[in-house]
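Subject: Structure handover

Hello,

Here is the structure you asked about, with the sequence alongside. My notes on the strands follow below it.

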Amino acid sequence: MSEATYPDGLYYNEEHDWARVDGETATFGITWYAQDSLGEVVYFSPAEVGTTVDKGGEYGELESTKAVSQLIAPLSGEVTETNGALDGSESTVNDDPYGEGWLVKVRLSDASEVDSLMDAAAYRAYVDTL
């Protein structure tokens with residue numbers, strides 16, 4: 001598994017999902033803390049392409065050797081892509097949660113929602129309270 005890290009330039013929610021915003025598109029994934037808590041990820045079930053997700057709503061689930069966990073969208077929008085490379089290689093989420101282990105891409109419906117998310121420093125402080 002990867003080392004504990006929370007990269008700058010991403011936005012984080014309290015449910016341990018991150019968003020990387022690039023123009024009108026955001027890439028979602030789970031944080032190091034989330035993948036470490038879950039243990040070895042063995043199955044990924046994303047929302048289908050074309051599905052509209054709401055900030056705070058589900059955008060899929062991850063199953064690990066410990067539990068099944070709902071994925072909570074950090075931002076609202078339409079799912080435009082899912083990470084098909086994870087099919088059969090779900091452990092990539094553990095090995096590289098901020099890179100090759102991304103989960104879905106979303107066309108944002110309200111870019112201002114970013115303002116309600118935590119930056120890396122705030123998220124690290126939040127994790128330290130858990």
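A term first: two strands are said to pair if DSSP finds at least two bridges between them. Please also keep in mind that this is a predicted model.

The sheet as a whole

The sheet is open and is built from 6 strands, in the order 1-2-3-9-8-5, with antiparallel pairing. Strand 1 and strand 5 (52-53) are its edge strands, each of them pairing on one side only.

Strands 1 and 2

Strand 1 covers residues 11-12 and pairs with strand 2 in the antiparallel sense over 2 bridges. Tyr11 has Ala19 of strand 2 as its bridge partner, and Tyr12 has Trp18, also in strand 2. The two strands form a hairpin, with 4 residues between them. In that turn, His16 has a positive phi of about 75°.

Strands 2 and 3

Strand 2 (residues 17-22) also pairs with strand 3, again in the antiparallel sense, this time over 6 bridges. Asp17 of strand 2 stands opposite Ile30 in strand 3, while Asp22 stands opposite Thr25. This hairpin has 2 residues between the strands, and Gly23 takes a positive phi near 65° there.

Strands 3 and 9

Which strand pairs with strand 3 over 4 bridges? The partner is strand 9 (residues 104-108), and the sense is antiparallel. Within this pairing, Ala26 stands opposite Val106 in strand 9.

How much of strand 3 is buried? Of the 6 residues in strand 3 (residues 25-30), 5 are buried, so the strand is mostly covered, where buried means under 20% relative accessible area. In the strand order, strand 3 is placed between strand 2 and strand 9.

To go through this in the viewer, begin with strand 1 at the edge, then follow the order by way of strand 2 and strand 3 to strand 9. The residue pairs to look for include Tyr12 with Trp18, Asp17 with Ile30 and Ala26 with Val106.

Regards

Conventions: Residues numbered from 1 in each chain as written. Predicted model: local features only at pLDDT ≥ 70, side-chain atom pairs only at ≥ 80, totals over all residues. Heavy atoms only, no water. Buried < 20%, exposed > 50% of the residue type's maximum accessible area, 1.4 Å probe, protein only.
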